[in-house]
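Subject: Structure handover

Hello,

I am passing this structure on to you. Please open it first, then read my notes below.

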Amino acid sequence: MNKRVRLLVMFSITLLLALSLATANKNSVDQINRKNNSHHHDKNDSSNDTKLNYGLCVSNYSHIQQDCFAQAKNNQSICLSQGILSLLENYSNQYNNQTNSTTNSSNLSKSEQRRILRQFRSEVMNIKQTCKEQYKQEKNQCKEDFKNNKLQCIQFRCKSSQVFSNETNKCVPKAINTTENNNTLQVKEFAFLPSESTIKLGENVTWTNTGTMNHTVTSDSGAELNSPQLAPGENYTHMFNTTGTFEYHCANHPSLMKGKIIVQ
Ligand SMILES: [Cu+2]
């Protein structure tokens, strides 16, 4: 076969492949755009729903992440097909110039043909590598976004006695304002705060575990105070219907945690 024809056929085949790739990409971009739009609606609906739970929240973001990955993959294909298309254009111009300047068009030497092919292939490799890098970066961004979005979901897991902390990205016990109500005490490692309180007959006292370990509120003698194990964030409330001094301790840390309530 004529050398010039062979080279032309080879470039044409590559061109056809690149073109079909580009068409396929356009279709999948449309699909992804449609999908993104539908998920966008889902998310808005969920935000208005007070029953939204952690699972729904994460699953919503999982879909968004999947779309993000698909989009990144698609961008990689577009990058590749566009790169190869522009490369083909360069080469066909180059080739035309060379054949035009040659009196006999079939005079392009075999070694010259090979040189052109080698150069072409190596440039295709470079384009592939560049597009792959770009895809990798976009994928990492998808992962990063998902992680951040998932953190926003954690608030749905917090108990009623907890709030979501933006600093630690965790559910933490609600802040206790001790100056507002003297009958509210904190229990933490390793003390009752305040350790001594004076209240009026018939008043409630609430102990809230603001620590990170389990504690109890247990009378030293008698059964006036007898809380269950209080996990972090949980509380125990007791009403005092008799005057007197009530000494108590934490059953888990009896020598460290002691307290006293004086009922007048
Ligand atoms: Cu304790």
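A definition to start: two strands pair if DSSP finds at least two bridges between them. Keep in mind that this is a predicted model.

**Overall layout**

The protein chain has 3 helices and 10 strands. The helices come before the strands in the sequence, in the pattern α-α-α-β-β-β-β-β-β-β-β-β-β. The chain counts 264 residues, and 14% of them are buried. Take the contacts between residues at least 6 apart in sequence: 60% of these join residues at least 24 apart.

**Pairing around β6**

Start with strand β3, residues 184-188, and strand β6, residues 204-209. They run parallel and are joined by 4 bridges. One residue pair to look up is T184 with its bridge partner T206 in β6. Strand β6 is also joined to strand β8, residues 235-239. Here the strands run antiparallel, with 5 bridges. In this pairing, N204 stands opposite M239 of β8. As background, strands of a sheet pair through backbone hydrogen bonds, either parallel or antiparallel.

**The open sheet**

Next, look at the open sheet of 4 strands. Its order is β5-β10-β9-β7, and the pairing is mixed. Strands β5 (196-199) and β7 (218-219) each have a single partner strand, so one side of each is left without a neighbour in the sheet. That puts both at the edges. Strand β5 runs parallel to β10, residues 258-263, and 4 bridges join the two. Within that pairing, S197 stands opposite I261 of β10.

**The nonpolar core**

Which residues touch the most other members of the largest nonpolar core? They are L185, V187, V205, W207 and V217, out of 15 residues in that core. Strands β3, β6 and β9 (244-249) are the elements that give two or more residues to this core. V217 deserves a look of its own. Neighbours within four places in sequence aside, V217 is in contact with V187, W207, L225, S227, Y236 and Y248.

**Two cis peptide bonds**

Finally, check the backbone at two places. The peptide bond from E189 to F190 is cis, with omega near -15 degrees. F190 sits in the loop between β3 and β4 (191-193). The peptide bond from L193 to P194 is cis as well, with omega near -5 degrees. P194 lies in the loop between β4 and β5.

Best wishes

How values were computed:
Residues numbered from 1 in each chain as written. Predicted model: local features only at pLDDT ≥ 70, side-chain atom pairs only at ≥ 80, totals over all residues. Buried ≥ 20, exposed ≤ 12 C-beta atoms within 10 Å, placed from the backbone. Contact = placed C-beta atoms within 7 Å. Core = buried A, V, L, I, M, F, W, Y, C linked by C-beta atoms within 7 Å.
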